[in-house]
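Colleague: Got a minute to walk me through this model? I'd like to go through it by eye with you.

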Amino acid sequence: MSDPKTTFTGYARYRATGQLAFLLHRITGLGILLFLLIHIVDTSFVYFAPELYDHAIQIYRSLPFMIGEIFLVWAVFYHGFNGLRIIIFDLWKPEWWEKDIAVKSVYWVLVLSILAWLPAAFIMGKAVIENHFLGG
Amino acid sequence: MAEGKVRTVQPVATSEARWWLWLRITGVLMVLFVFPHVIIKDVIVGVHNIDTEYVAQVWENVLVRVFDFLLLFTTFTHGMVGLRQVLMDFVHSPSGRKTTTWILAVIWFVVTVMGTMAIIGGVSLQPGA
């Protein structure tokens, strides 16, 4: 095990546009994985312990979890679009790693992930209001 | 390095190169399953309409179960390989890396088997239901 401080300082100190994409990719990835692990286990309760499944769903219906869910969907969109960018560049168009295109594509991915997310966030936000503030 | 050119390297076929490629292969595949899953379950259906009855109903279709298995397998494999990639930034010794990889492999195996058993076994009948 190396000194984790060294690695973290390196993450924070190297400032470039690609670094923003790198950090967002890792943060969204780790966040999604944490949820995914819990989500696979709680879904498997339908077979192992159905009453626990209904209990888990009750938790997901609470206000903080529904708000978290909205951000989770953005994280999935961002991680997916940025991942596709990396895959296209790495495996198909390595010349696009040339600085100009690489930098611009970071912003394109950010914009795309927000545009794709907005309609979803609107519908999910409506569900939050209907279920928590209008006595649903 | 020539002006405006990108440095290209020929990756050596090590196990690390295989992890690297595996992240990209599962990455492409999982997009096909994750985006529809998220849009259907989180946005269209919504958590207030999901319960054991709903799961039992959608799993009556075998194709949905196949879809959910592929979703489970590609996402969780990708996630655990990705977590390994992150941890390799912090763990440098060969023995530490080996231990880390094995711990992740065990977690991957146990959780994947749990999920797969549920998809095959389906919803258990609740007492009194």
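Colleague: Start small. Which side chain does Lys104(A) meet in a salt bridge?

Modeller: Asp100(A), at 3.9 Å, N to O. A salt bridge here is a side-chain nitrogen of Lys or Arg within 4 Å of a carboxyl oxygen of Asp or Glu. This is a predicted model, so local features need pLDDT of at least 70 and side-chain atom pairs count only at pLDDT 80 or more, while totals for chains, interfaces and linings use all residues. Residues are numbered from 1 along each chain as its sequence is written, chains are lettered from A and ligands numbered from 1 in the order in which they are written, and side-chain values use heavy atoms, with hydrogens and water left out.

Colleague: Where do Lys104(A) and Asp100(A) sit?

Modeller: In helix 5 of chain A, residues 99–132. They are 4 residues apart, so about one helical turn separates them. Helices are DSSP runs of H or I, at least four residues, and strands are runs of E, at least two, numbered from the N terminus.

Colleague: Is Asp100(A) buried, partly exposed or exposed?

Modeller: Partly exposed, with a relative accessible area of 49%. Buried means under 20%, exposed over 50%, and partly exposed is in between, using a 1.4 Å probe and protein chains only.

Colleague: How many salt bridges over all chains?

Modeller: The whole structure has 4. Between chain B and chain A the count is 2.

Colleague: Which residue does Arg26(A) pair with?

Modeller: Asp89(B), at 2.7 Å, N to O. Asp89(B) lies in the loop between helix 3 (62–87) and helix 4 (94–121) of chain B, and Arg26(A) is in helix 2 (residues 17–48) of chain A, so the pair joins two chains. Arg26(A) counts as buried at 17%. Asp89(B) is partly exposed at 26%.

Colleague: And what does Arg24(B) bind to in a salt bridge?

Modeller: Asp90(A), with the closest N and O atoms 2.9 Å apart.

Colleague: What about Arg84(B), which partner there?

Modeller: Glu16(B), the closest N and O being 2.7 Å apart. That one links distant parts of the chain: Arg84(B) is in helix 3 of chain B, Glu16(B) is in helix 1 of chain B, and they are 68 residues apart. Arg84(B) is buried at 6%. Glu16(B) is partly exposed at 33%.

Colleague: Switch to the interface. How much area do chain B and chain A bury between them?

Modeller: About 4000 Å², with 74% of it on carbon and sulfur atoms. That is accessible area (1.4 Å probe) that the two parts lose on being put together, summed over both. The contact takes 48 residues from chain B and 46 from chain A, where contact means heavy atoms within 4.5 Å.

Colleague: Which residues of chain B lose the most area to chain A?

Modeller: Val47(B), His48(B) and Phe90(B), together 17% of what that side buries.

Colleague: How do helix 4 of chain A and helix 1 of chain B pack?

Modeller: At an angle of about 145°, with their axes 10 Å apart. Helix 4 of chain A covers residues 63–91, and helix 1 of chain B covers residues 15–45. Axes are lines fitted to C-alpha atoms over the stretch in contact, and angles run from 0 to 180 degrees between N-to-C directions.

Colleague: Which residues make that contact?

Modeller: Among them are Phe77(A), Gly80(A) and Leu84(A) from helix 4 of chain A, and Gly27(B), Val31(B) and Phe35(B) from helix 1 of chain B.

Colleague: Last one. What is the secondary structure of chain B?

Modeller: It comes to 4 helices and 0 strands. Of the 129 residues of chain B, 39% count as buried.
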